[in-house]
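Student: Please pick one packing contact in this structure and take me through it closely. Then work outwards from there, so that I can see what else is worth a look.

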Amino acid sequence: MELFFLIALTIFVILVTFPILGLLFKPNGVNLPPGKTGLPYIGESLEFLSTGRKGEPEKFIYDRMSKFSSLIFKTSILGEHTAVVCGAQGHKFLFSNENKLVTAWWPKSILKLFPSSSQSTILAEGMRMRKMLPMFLKPEALQRHIGVMDSLAQTHFKASWEGKEHVTVYPLAKLYTFTVACKVFLSMEDEKEVQQFGVPFNDMASGIISIPINLPGTSFRRGLKASKIIRDEMLRMIRQRRKELSEKKASPTQDILSHMLVATDEEGQKLGDIGIADKIISLLIGGHDTASATITFIVKFLAELPDVYRNVVKEQLEIAKSKAAGELLNWEDIQKMKYSWNVACEVMRLAPPLQGSFREALHDFEYAGFSIPRGFKLYWSAHSTHMNPECFPTPEKFDPSRFEGVGPAPYTFVPFGGGPRMCPGKEYARLEILVFMHNIAKRFKWEKLIPQEKIVVDPMPIPAKGLPLHLYPQHYH
């Protein structure tokens, strides 16, 4: 009873004192954006996360845009007072002022899941990563992986789809994209090893965007446990690859892991093993989670929209019929998949795999008539433009023609971010998504087994039950 009283008293003191301290320490004359910051420490994080898990991630943003300002509002999420910058104008401002007025910032949950990281080391190593990744992730370099992706897709469909009446799409999409990532980034060949390595990644991904409270049963606790399992295995791979490189059994240019092991910075220093492990893990998460969510929604929308499905099938079958028996997809084939990519883009507009991202103010500055103090956190949201009728008329309508010609206006379609921090894996994701679309379209027709399946965001948007389907074989001559 005494312990309960002490806990209750502590909570009362925190709830009463923190707002008062906030008023006492608020900078004089600072005209912060309108909004509310909710409970101490927790802020509005629970609502921010729960609207996503209820399948309405845009609700948090649009409720506050309507109530406070359509350009910028103040909140507190994931333990930080944050200004949410909205609309195409906001995206342009943040993306074009990268490393001038703002810089990348990561929530505490991410820093604790990646022990080699701090805000400063993440920024410095992130810049180094962006210098070394283009040689692997630019279109010219990725062309040699298209056949590999197609071969892996064929093996995947033969093992996990063909001959089955019912399948659940999301776990299979994750298996496909994770297999591709492991092959391209790590040269992993063994299917069982890949599957075992992938098991803890779900828990780690859920812990990345969570309230960083390390208590039993929380997403953050599960994420911490998973990150240790993944990191230990990654460190084992690093030791093995270093041995293979020294014995000339591996090439310094065969994949990203080899390159990281031999690369040095301007001062001749190499990345440490923990740093390499964390960077590879972040690539694996980014390289398969977002693409698998997009693939799942592509299958969902094609099941719901027969005209769109028929157009995709027509495009993909024309490519299939032009290939000799056993011939793999190539760069020229990918370039013919224009309508299919428009469909994928419209899927990413309606269900963006990247909901948004954080920045930190490097200096005091003003935006939209409001003051942003140095150190203040900022957040941009894809939903503030993707579902905005000013950017996309009748935004709830599925319309791939939005991406024909010059496509949407600048800074309105941002599934990969923008500016200097645009996702370096954009072209990689395009290739593996289109290879998947080709292989499923030429094999199957399908219908959803749960017509009104709920969508949840945790941290990616996914169907609540994983999108179970009834499969029918595709017949063509």
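**A crossing pair and its surroundings**

Tutor: Let's start with α13 and α15, which cross in the right-handed sense; that term applies when the near helix is turned clockwise from the far one by less than a right angle, and anticlockwise would be left-handed. Bear in mind that this is a predicted model, where local features need pLDDT of at least 70 and side-chain atom pairs count only at pLDDT 80 or more, while totals for chains, interfaces and linings use all residues. Residues are numbered from 1 along each chain as its sequence is written, and side-chain values use heavy atoms, with hydrogens and water left out.

Helix α13 covers residues 219-246 and helix α15 residues 273-304; their axes come within 9 Å and cross at roughly 115 degrees. Helices here are DSSP runs of H or I with at least four residues, strands are runs of E with at least two, and both are numbered from the N terminus. The axes are lines fitted to C-alpha atoms, for helices over the stretch in contact, with angles running from 0 to 180 degrees between N-to-C directions. The two helices are therefore roughly perpendicular, a label for 65 to 115 degrees (under 35 is roughly parallel, over 145 roughly antiparallel, and the rest oblique).

Who touches whom? On the α13 side you have I230, R231, M234, L235, I238 and R242, and on the α15 side D273, I274, I276, A277, D278, I280 and I281; contact means heavy atoms within 4.5 Å. By class, the residues of this contact are nine nonpolar, no polar and four charged. Nonpolar covers Ala, Val, Leu, Ile, Met, Phe, Trp, Tyr, Cys and Pro, charged covers Asp, Glu, Lys and Arg, and the others, Gly among them, are polar. As for the spacing along such a helix, an α-helix has 3.6 residues a turn, so residues three or four places apart point the same way.

Follow the chain past α13 and you reach K248, in the loop between α13 and α14 (256-262). K248 has a positive phi of about 65 degrees although it is not a glycine. Most residues other than glycine have a negative phi. K248 is also exposed, at 73% relative accessible area; exposed means over 50%, buried under 20% and partly exposed in between (1.4 Å probe, protein chains only).

Y411 makes a good companion, with a positive phi of about 70 degrees and, again, no glycine. Y411 is partly exposed at 31% and lies in the loop between α19 and α20 (426-441).

That brings us to another helix pair. α20 packs with α9 at an angle of about 40 degrees, their axes 9 Å apart, which makes the two helices oblique to each other. Their crossing is right-handed. In α9, I146, M149, D150, A153, Q154 and F157 meet Y428, L431, E432, V435, F436, N439 and I440 of α20. This contact has nine nonpolar, two polar and two charged residues.

Look at both ends of α9 as well. R144 sits in the loop between α8 (139-142) and α9 (146-160), and its C-alpha is 8.3 Å from that of N330, 186 residues away along the chain. Beyond its neighbours within four places in sequence, R144 contacts F136, T253 and Q254. S160, found in α9, is buried at 15% relative accessible area and, with the same kind of neighbours left aside, touches V167, L172 and L175.

V167 leads you into a sheet, since V167 stands opposite L469 in β12. β4 and β12 (residues 468-473) pair in the antiparallel sense over three bridges, where pairing takes at least two bridges found by DSSP. The open sheet of three strands runs β4-β12-β9 with antiparallel pairing. β4 (166-168) and β9 (444-448) are the edges, each with a single partner strand, so one side of each has no neighbour in the sheet. Neighbouring strands here are turned by 40 degrees against each other on average, direction ignored.

For the wider setting, the protein has 20 helices and 12 strands, and 52% of its 477 residues count as buried.
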